[in-house]
Amino acid sequence: MARAFTPKIVTANALIEGDVIYLTADDTWSRNHADAELITDEARAAVRLAFAEAQQDFLVGAYLADAVEGDAGPAPTHFREEFRSVGPSNYNHGKQVEQNNV
Amino acid sequence: MYKYNDFDEGFLRARTAQFRKQVERRIAGNLTEEEFRPLRLMNGLYLQLHAYMLRVAIPYGTLNSRQMDQLAYIADTWDKGYGHFTTRQNIQYNWPKLSDVPDMLDALADVQMHANQTSGNTIRNVTSDPFAGAAIDEIEDPRPVAELLRQWSTDHPEFQFLGRKFKIAVGASEADRAVLKSHDLAVNIVRNDAGETGYQILVGGGLGRTPMVGKVLNEFLPREDLLPYVEAVLSVYNLLGRRDNKYKARIKITVHENGLDTIRALVDERFAELRPTFAGGDQELLDEIRTHFQPPQFKNAPIDAFEAAYESDPVFRSWADTNLAPHKNENYAIATISLKKHGETPGDATSAQMRQLAQIAREYAHDELRISHEQNVILPHVHKSHLPAIHALLRSEGLATANIGLISDIIACPGMDYCALATARSIPVAQKIATRFDELKLEHEIGALKIKISGCINACGHHHVGHIGILGLDRAGVENYQITLGGDGTETTVIGERAGPGFAYDEIVPAIERLIHAYLELRDSEEETFLQAYRRLGMAPFKDALYPEAAKKNAA
């Protein structure tokens with residue numbers, strides 16, 4: 001039996017900076033996880049991933065990651081995605097300091 | 001140290017120019033990521049969790065002050081003002097932009113450095129003993145042989161598409177300070193009963209998913225046979241090694257599946273073909289390389305300043321007792337500078353620290369620096385009279401931590417704070433253990449102890465050969481840490497034994513603390529190290545300390 005589809009977001013790394021980016025509902029890319037489009041339908045997930053993968057000259061390694069609806073928008077469910085959404089824990093570098101500039 | 005000739009310089013400049021064009025084509029959309037990826041990997045450029053990462057080779061761990069200054073300049077100009085020294089004597093920059101990487105490679109080439117073959121399925125940076133040229137127990141300086149192997153392996157047309165990466169280390173001492181037995185191939189410079197110098201060749205060592213201790217492929221290889229023999233080993237591996245399964249592709253598996261005797265016979269056969277094709281040019285090159293590695297002009301001066309400081313300054317004395325090793329010249333010392341200040345990231349150095357280290361090397365230490373696989377920096381040649389001044393300069397940059405070989409001198413891979421392959425974090429675990437034992441003020445009482453932490457099964461943090469090894473895994477979506485005990489990464493290499501079920505992120509430090517308290521109670525004297533106590537007593541009492549509930553149940 002196929003597993004039930006769990007909500008997803010489309011994420012990748014930006015080509016130049018390597019920074020983590022998220023696909024929004026209006027076809028733009030945000031550096032903020034909460035701006036991502038939360039996809040609840042499997043067919044739409046495939047379409048959105050294909051849309052992302054076509055943008056080779058802007059990003060690297062698009063994939064679908066699990067997420068849930070949070071207070072401010074979609075939130076990660078796995079700790080790996082959580083770390084990707086904030087930055088490393090040993091220094092105040094990455095998104096945790098840059099988030100305000102988005 | 002080795003200085004590039006016109007050929008080397010031309011080769012490197014052509015290579016960086018080539019990569020600059022490749023980056024331009026990728027950014028312009030003329031190369032897909034699939035096409036570009038192998039090209040960037042050949043030049044040491046990874047894409048990690050939050051950013052790109054550039055891995056720069058430090059061949060056999062040797063740097064001069066100008067190079068260290070340049071590493072600091074690169075950190076400030078194109079990164080976030082620091083670098084991470086790794087267990088394979090490389091330095092990694094964690095935040096470069098793709099468009100800046102060609103400039104970074106040019107800046108490296110300006111000081112005869114590069115990122116070639118620091119990734120990909122090629123022969124990687126050749127590593128060696130960080131005490132080379134200074135160690136009291138060495139037969140000779142192993143670095144000329146390492147440099148010969150570096151030149152031979154760079155862009156070697158036959159070995160650019162191996163089944164998997166291939167790591168070579170070179171040693172020349174009784175004590176193994178280069179984890180020789182955990183390398184795909186190790187060249188150990190030895191002397192036979194007749195007093196001749198030659199090479200013992202070890203093969204098939206490696207950590208990762210299936211840890212193996214390197215085996216002796218050749219007990220004594222004559223000097224002039226080195227390159228054809230190593231080429232024969234690579235050649236056999238290239239054909240015989242598996243390409244169907246990434247986890248079975250390293251030479252350790254090839255050796256394991258085919259048997260050492262079969263491999264030896266195949267290598268001998270291939271060697272017989274290759275040997276006549278080496279007409280002696282390699283030996284001439286080695287002789288030429290040797291001229292670059294002459295020992296420094298050792299100073300003959302009194303060491304009263306050292307003795308006075310040692311008597312009067314307890315902080316200096318503690319540092320000297322912990323961080324100095326004997327040098328072949330009795331008026332000199334080998335000073336290990338800790339990049340493991342309690343609570344800091346193991347192996348990280350800020351640009352200011354790098355500049356201070358460069359300045360110290362220039363002024364007081366014959367312009368030589370080394371990076372160790374234990375992620376520290378070494379001044380291999382220090383006249384003892386300079387040590388008090390050096391110590392003061394180290395203190396001013398937070399580099400005077402007296403913890404070499406102790407519980408807080410932890411190897412840790414970048415783990416899930418940076419690495420795309422990681423399954424859990426390593427750095428914060430190392431930080432918490434170091435901080436905790438510093439608070440307890442137990443570090444010096446515990447004595448010699450090596451903790452090594454990896455954030456995934458690939459074992460970049462060498463956890464299998466830690467006296468205490470910690471492996472971070474993802475267990476059902478939660479970070480979980482397995483403990484191994486009794487590992488050893490020296491000439492008596494042993495793979496540690498798994499203690500039992502893993503611990504959650506917030507349980508791992510208390511578990512280590514229970515383990516250490518058990519050791520302190522169990523040891524038969526203050527001289528018995530953790531590893532010795534483990535070897536004497538076995539796993540059982542340590543397991544009881546790690547899992548008190550299970551121990552209670554068994555006792556009931």
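**Exercise 1. Find which residues B:Ser65 is in contact with once its neighbours within four places in sequence are left aside, and place B:Ser65 in its surroundings.**

Step 1. With contact taken as heavy atoms within 4.5 Å, B:Ser65 is in contact with B:Ala358, B:Arg362, B:Asp367 and B:Leu369, its neighbours within four places in sequence being left aside. This is a predicted model, in which local features need pLDDT of at least 70, side-chain atom pairs count only at pLDDT 80 or more, and totals for chains, interfaces and linings use all residues. Residues are numbered from 1 along each chain as its sequence is written, chains are lettered from A and ligands numbered from 1 in the order in which they are written, and side-chain values use heavy atoms, with hydrogens and water left out.

Step 2. One of these partners is also reached through a polar contact, that is, a pair of N or O atoms within 3.5 Å, where within protein one must be able to donate a hydrogen and the other to accept it, and residues adjacent in sequence count only if both atoms are side-chain atoms: the side chains of B:Ser65 and B:Arg362 are joined in this way at 3.2 Å.

Step 3. B:Ser65 belongs to helix H3 (residues 65–78) of chain B, where helices (H or I, at least four residues) and strands (E, at least two) are DSSP runs numbered from the N terminus. Its relative accessible area is 4%, so B:Ser65 is buried, given that buried means under 20% relative accessible area, exposed over 50% and partly exposed in between (1.4 Å probe, protein chains only).

**Exercise 2. Determine where B:Lys340 lies and what its side chain reaches.**

Step 1. B:Lys340 sits in the loop between strand E12 (332–337) and strand E13 (348–350) of chain B, and because its relative accessibility is 2%, B:Lys340 counts as buried.

Step 2. The side chain of B:Lys340 makes a polar contact of 2.7 Å with the side chain of B:Asp409, and the side chain of B:Lys340 also reaches the backbone oxygen of B:Ile410 at 3.1 Å.

Step 3. Beyond its neighbours within four places in sequence, the contacts of B:Lys340 include B:Pro346, B:Glu374, B:Asn403 and B:Ile411.

**Exercise 3. Describe the second largest pocket by volume, lining and residue class.**

Step 1. On a 1 Å grid over the protein atoms alone, a pocket is an open set of points with protein on both sides within 12 Å along at least five of seven lines, a cavity is a set of points where a 1.4 Å probe fits but cannot get out, and lining residues have an atom within 4 Å of a point. Grid points are joined across faces, edges and corners, and a volume is the space filled by probe spheres set on the points.

Step 2. The volume of the second largest pocket is about 690 Å³. Its lining holds 33 residues, of which B:Arg177, B:Glu374, B:Gly405, B:Lys450 and B:Thr490 are the closest to its centre.

Step 3. Helix H11 (314–323), strand E11 (324–326) and helix H17 (530–537) of chain B each give at least two residues to this lining, and the largest share, 3 residues, comes from H17(B).

Step 4. Sorted by class, the lining has 13 nonpolar, 12 polar and 8 charged residues, where Ala, Val, Leu, Ile, Met, Phe, Trp, Tyr, Cys and Pro count as nonpolar, Asp, Glu, Lys and Arg as charged, and the others, Gly among them, as polar.

**Exercise 4. Count the cavities of 30 Å³ or more and characterise the largest cavity.**

Step 1. There are 7 cavities of 30 Å³ or more in the structure, and the largest cavity contains about 80 Å³ of space.

Step 2. Residues lining the largest cavity include B:Ala57, B:His114, B:Arg124 and B:Arg150, and by class this lining has 4 nonpolar, 6 polar and 2 charged residues.

**Exercise 5. Locate B:Val179 and B:His462, whose phi values are positive although neither is glycine.**

Step 1. B:Val179, with phi near 40 degrees, lies in the loop between strand E7 (168–171) and strand E8 (185–191) of chain B, and because its relative accessibility is 5%, B:Val179 counts as buried.

Step 2. B:His462, with phi near 55 degrees, is found in the loop between strand E17 (451–454) and strand E18 (468–475) of chain B, and its relative accessible area of 9% is why B:His462 is buried.
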